[in-house]
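User: I would like to learn how to read burial and helix packing in a model such as this one. Could you take me through it step by step?

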Amino acid sequence: MGAGGNGWLVATGGDLAVLTAIRGALAFLTRLPVGGDEAAWNAFRATPAAFVVAGYVVGGVAALPFLAPLPVPTAVAGYVAALYLLTGVTHADGLADCGDAAAAHGPATERREALKDSATGVGGALALGATLVALALGGLGVAGAGPRVAVRLALAAEVSAKVGMATLAALGDPGHEGLGSAVVGDLSAAALLPVVAVAAPAALAAPAGSTPALGATLLAGPVAALLVGRWATATLGGVTGDALGAANELGRVVALHAGVVVWTLW
């Protein structure tokens, strides 16, 4: 076989690796029956851009109610329901655990104990409840922009949240041994270049006047994630799996509201 044949094999192997990483991302980040296995998990860990691809899938499907001929409150309820039907409650549980850790007093060891406690305390209930209310209000704001813009803002918010998770995976310091330590800390900042490239189309082909809003939406998720990562490092000793989940949930909400604010005011 000549050089051209070898090049085709290399390209095919690379494509298969990317597809395996995407399958791993969908298995880890959603409830879709894609058949996650060890190969998919390892490929996903090495490919942070796969976070973003999963964001397109989740955001695109969850945004469909905004296109339906439904009353605005019903469309928003459909959007919120679709999000959690697609993603499950793993990330929301991480947010609740971080809320309990934030409410705990004492050194990092006591906060980590609160993090591991299976019972949800007042801090976790407050964090989760406030975030869900903010998500629904953000959905109402998005719906007010009209169907075409609403779908793009909802899609961009999910992509933004996943960019935030990828940012923590690349730049964060792993916390205690567990899921977070298996994802965080093995990559360099250079691994974020493909993440940016994959996320950029979410701001392209924007309806007239919506480009600044989409840009703000895409930037907000990573900023929120970095703040969560900073808190987790200072409070818990590093970025844990729960902190990644919290970054996803908070990043989505902050991104939605950033988009609505910029769309409304500018």
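User: Where does Pro201 lie, and is Pro201 buried or exposed?

Analyst: In this predicted model, Pro201 sits in the loop between H10 and H11. Its relative accessible area is 42%, and because buried means under 20% and exposed over 50%, Pro201 is classed as partly exposed. Pro201 and Ala156 are 45 residues apart in sequence, with their C-alpha atoms 9.3 Å apart in space.

User: How do Leu218 and Gly59 read on that scale, buried or exposed?

Analyst: Leu218, which belongs to helix H11, has a relative accessible area of 14% and is therefore buried. Gly59, found in helix H3, is also buried, at 1% relative accessibility. Leaving aside neighbours within four places in sequence, Leu218 is in contact with Ala156, Val159, Ser160, Ala199, Ala202 and Ala203, while Gly59 is in contact with Ala154, Leu155 and Glu158. The C-alpha atoms of Leu218 and Ser160 are 4.6 Å apart, although 58 residues separate Leu218 from Ser160 in sequence.

User: How should I describe the packing of two helices, and what are the values for H8 and H11?

Analyst: Two packed helices are described by the angle between their axes and the distance between those axes. For H8 (residues 147-171) and H11 (residues 211-236), the axes come within 7 Å and cross at roughly 35°, and H8 passes H11 in a right-handed crossing. The residues that make this contact include Ala156, Val159, Ser160 and Val163 of H8 together with Thr217, Leu218, Gly221 and Pro222 of H11. By class, the contact of H8 with H11 has 15 nonpolar, six polar and one charged residues.

User: At what angle does H8 pack with H10?

Analyst: H8 and helix H10 (residues 192-199) pack at an angle of about 175°, and their axes are 10 Å apart. Because angles over 145 degrees count as roughly antiparallel, H8 is roughly antiparallel to H10. On the H8 side the contact is made by Val159, Val163, Ala166, Thr167, Ala170 and Leu171, and on the H10 side by Leu192, Val195 and Ala199. The classes in the contact of H8 with H10 are eight nonpolar, one polar and no charged residues.

User: Which residues of H3 and H10 meet, and how are these two helices oriented?

Analyst: The axes of H3 (residues 49-62) and H10 come within 8 Å and cross at roughly 20°, and H3 and H10 are therefore roughly parallel to each other. H3 passes H10 in a right-handed crossing. Ala49, Val52, Val53 and Tyr56 in H3 meet Pro194, Val195, Val198 and Ala199 in H10, and by class this contact of H3 with H10 has eight nonpolar, no polar and no charged residues.

User: Which residues touch the most other members of the largest nonpolar core?

Analyst: In soluble globular proteins, nonpolar side chains tend to be buried together. Here the largest nonpolar core has 75 residues, of which Phe51, Phe66, Tyr79, Leu135 and Val159 touch the most other members. H8 gives the most to this core, with 15 residues. Val159 itself, not counting residues up to four places away in sequence, touches Val52, Gly55, Tyr56, Ala199, Ala202 and Leu218. Val159 also takes part in the contact of H8 with H11 and in the contact of H8 with H10.

Methods. Residues numbered from 1 in each chain as written. Predicted model: local features only at pLDDT ≥ 70, side-chain atom pairs only at ≥ 80, totals over all residues. Heavy atoms only, no water. Axes fitted to C-alpha atoms, helices over the stretch in contact; angles between N-to-C directions. Helix = DSSP H or I, 4+ residues; strand = E, 2+ residues; numbered from the N terminus. Left-handed = near helix turned anticlockwise from the far one by under 90°. Contact = heavy atoms within 4.5 Å. Nonpolar A, V, L, I, M, F, W, Y, C, P; charged D, E, K, R; others polar. Core = buried A, V, L, I, M, F, W, Y, C linked by side-chain atoms within 4.5 Å. Buried < 20%, exposed > 50% of the residue type's maximum accessible area, 1.4 Å probe, protein only. Parallel < 35°, antiparallel > 145°, perpendicular 65-115°, else oblique.
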